[in-house]
Amino acid sequence: MKILVAGGAGYLGSALVPRLIDRGYEVDVVDLFWFGNHLPAEAGIIHKDIFEMSVQDLERYQQVVFLAGLSNDPMAEFSPSRNFIFNAAAPAYLAYIAKKAHVKRYVYACSCSVYGYTDNELFDETRSVSSSYPYGISKLQGEQAVMNLASDDFSVISLRKGTVSGYSPRMRLDLIINTMFKNGVRNREIIVNNPSIWRPILSIEDATNAYIRALEASEKISGIFNVASGNYTVGEVGDLVRMAIEEQLGLRVHLTIHHKKDFRNYKVSIQKAENMLSFHPNYDVKCIVKQLIENMERFHDWDNPQYYNIETLKLLSQTNSLRSLAEIA
Ligand SMILES: NC(=O)c1ccc[n+]([C@@H]2O[C@H](COP(=O)([O-])OP(=O)(O)OC[C@H]3O[C@@H](n4cnc5c(N)ncnc54)[C@H](O)[C@@H]3O)[C@@H](O)[C@H]2O)c1
């Protein structure tokens, strides 16, 4: 089977692509390489904007995975107009040409942030979505557009992921556990901005498992699925990261608690993914920190701007290297 991974050179893709190759799939990655190339040599490279892909280009693939776009709130707020192009228009366009090219399945990287601020209830996929910020709105628009195209001969699976954390060859230190880990090890201090808000956490291993389950699911399956390793309050995440660093590295770490307002608070049920995709998470916060420690030598240049998406976005914007074809057209 030949798979195209759009945005596959990013944090998630750089962990997923080697696993797909290892399972015997032929994998091409179409990417703008904002964060460099950390992919295995066996991956086919298409250095292009998604908007430059044509129906003909897509004809050789059985499945397409969308992992591109601006992947957090600070990026989306830095440039809301680009956010809606990269996060709403791009997945819609790619799904549209994939269907025309008779691709069998499209897997879309959605986010639990579409749930916005909820009342601490467990949300399944039937619950209403209510994001009022550019990132959440655009991830929802992308999802609505691609789900709209699902049909008997075109399966579409949207994975609403919790915040992913853990080590990837293309590293990010702007994700909840990764940030706490960096601050705990480097500054001996973990800052919790609001201990009571809920976040579904997803280890990078569980995240790549979810994509594999989706790609290998029966062709008859289409739908929206929450995926998470577990639901935690941010206060508990802080405690667990501190404990793991202290136990595993023998360092003393101070926890600083603030009570700042947050516009995202949600916990999700993953029962549908368990029942329909056979997705079962295996990694908790302690495992995530263990995996970060095992790979720490590879990203201890803590201030590298590539580890912080908003820093890289600002640098790319200064040199006008971010422009998408859709903006120029
Ligand atoms: N990381 C998380 O915690 C998380 C959680 C929920 C959802 N998501 C979603 O999962 C996806 C992957 O996240 P990530 O952390 O790997 O992101 P990332 O920022 O590390 O990678 C995104 C990649 O997409 C590429 N890209 C962006 N727009 C493109 C375009 N128009 N054409 C070609 N390439 C393009 C970039 O060069 C980059 O390599 C994103 O869609 C994100 O919104 C991520």
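This section describes the sheets of a predicted model and the helices that pack around them.

Seven strands make up an open sheet with parallel pairing. Their order is β3-β2-β1-β4-β5-β7-β11. The edges are β3 (44–47) and β11 (223–227), each paired on one side only. From one strand to the next, the twist averages 20°. At the β11 edge, the partner is β7 (residues 155–161). The two strands run parallel and are joined by five bridges. Across this pair, Arg160 stands opposite Asn226 of β11.

Helix α1 lies across three strands: β1 (2–6), β2 (26–31) and β7. Its direction makes about 160° with that of β2.

A second open sheet has three strands, in the order β8-β10-β12. Its pairing is mixed. Here the edge strands are β8 and β12 (230–233), and each pairs on one side only. Direction ignored, neighbouring strands of this sheet are turned by 45° against each other on average. Three bridges link β8 to β10 in the parallel sense. Within that pairing, Thr163 is placed opposite Ile201 of β10. Helix α7 packs on this sheet and touches β8 and β10. The directions of α7 and β10 differ by about 75°.

Helices α1 and α7 also meet each other. The axes of α1 (residues 11–22) and α7 (residues 204–215) come within 10 Å and cross at roughly 55°. The angle therefore makes α1 oblique to α7. The crossing is right-handed. From α1, the contact takes in Tyr11, Leu12, Ala15, Leu16, Arg19 and Leu20. From α7, it takes in Ile204, Glu205, Ala207, Thr208, Asn209, Tyr211, Ile212 and Leu215. Of the residues in this contact, ten are nonpolar, two polar and two charged.

Helix α6 (residues 176–186) is mostly covered. Nine of its eleven residues are buried. They are Ile176, Ile177, Asn178, Met180, Phe181, Lys182, Asn183, Gly184 and Val185. The cover over these buried residues includes three helices, α1, α8 (234–249) and α10 (285–294). Strands β8 (163–165), β9 (189–192) and β10 (198–203) are also among the covering elements. After α6 comes Arg188, which has a positive phi near 55°.

Several elements recur in these contacts. Helix α1 lies across β1, β2 and β7, meets α7 and helps to cover the buried residues of α6. Strands β8 and β10 pair with each other, are touched by α7 and also take part in covering α6.

Key:
Residues numbered from 1 in each chain as written. Predicted model: local features only at pLDDT ≥ 70, side-chain atom pairs only at ≥ 80, totals over all residues. Heavy atoms only, no water. Axes fitted to C-alpha atoms, helices over the stretch in contact; angles between N-to-C directions. Helix = DSSP H or I, 4+ residues; strand = E, 2+ residues; numbered from the N terminus. Parallel < 35°, antiparallel > 145°, perpendicular 65-115°, else oblique. Left-handed = near helix turned anticlockwise from the far one by under 90°. Contact = heavy atoms within 4.5 Å. Nonpolar A, V, L, I, M, F, W, Y, C, P; charged D, E, K, R; others polar. Pairing = 2+ DSSP bridges. Buried < 20%, exposed > 50% of the residue type's maximum accessible area, 1.4 Å probe, protein only.
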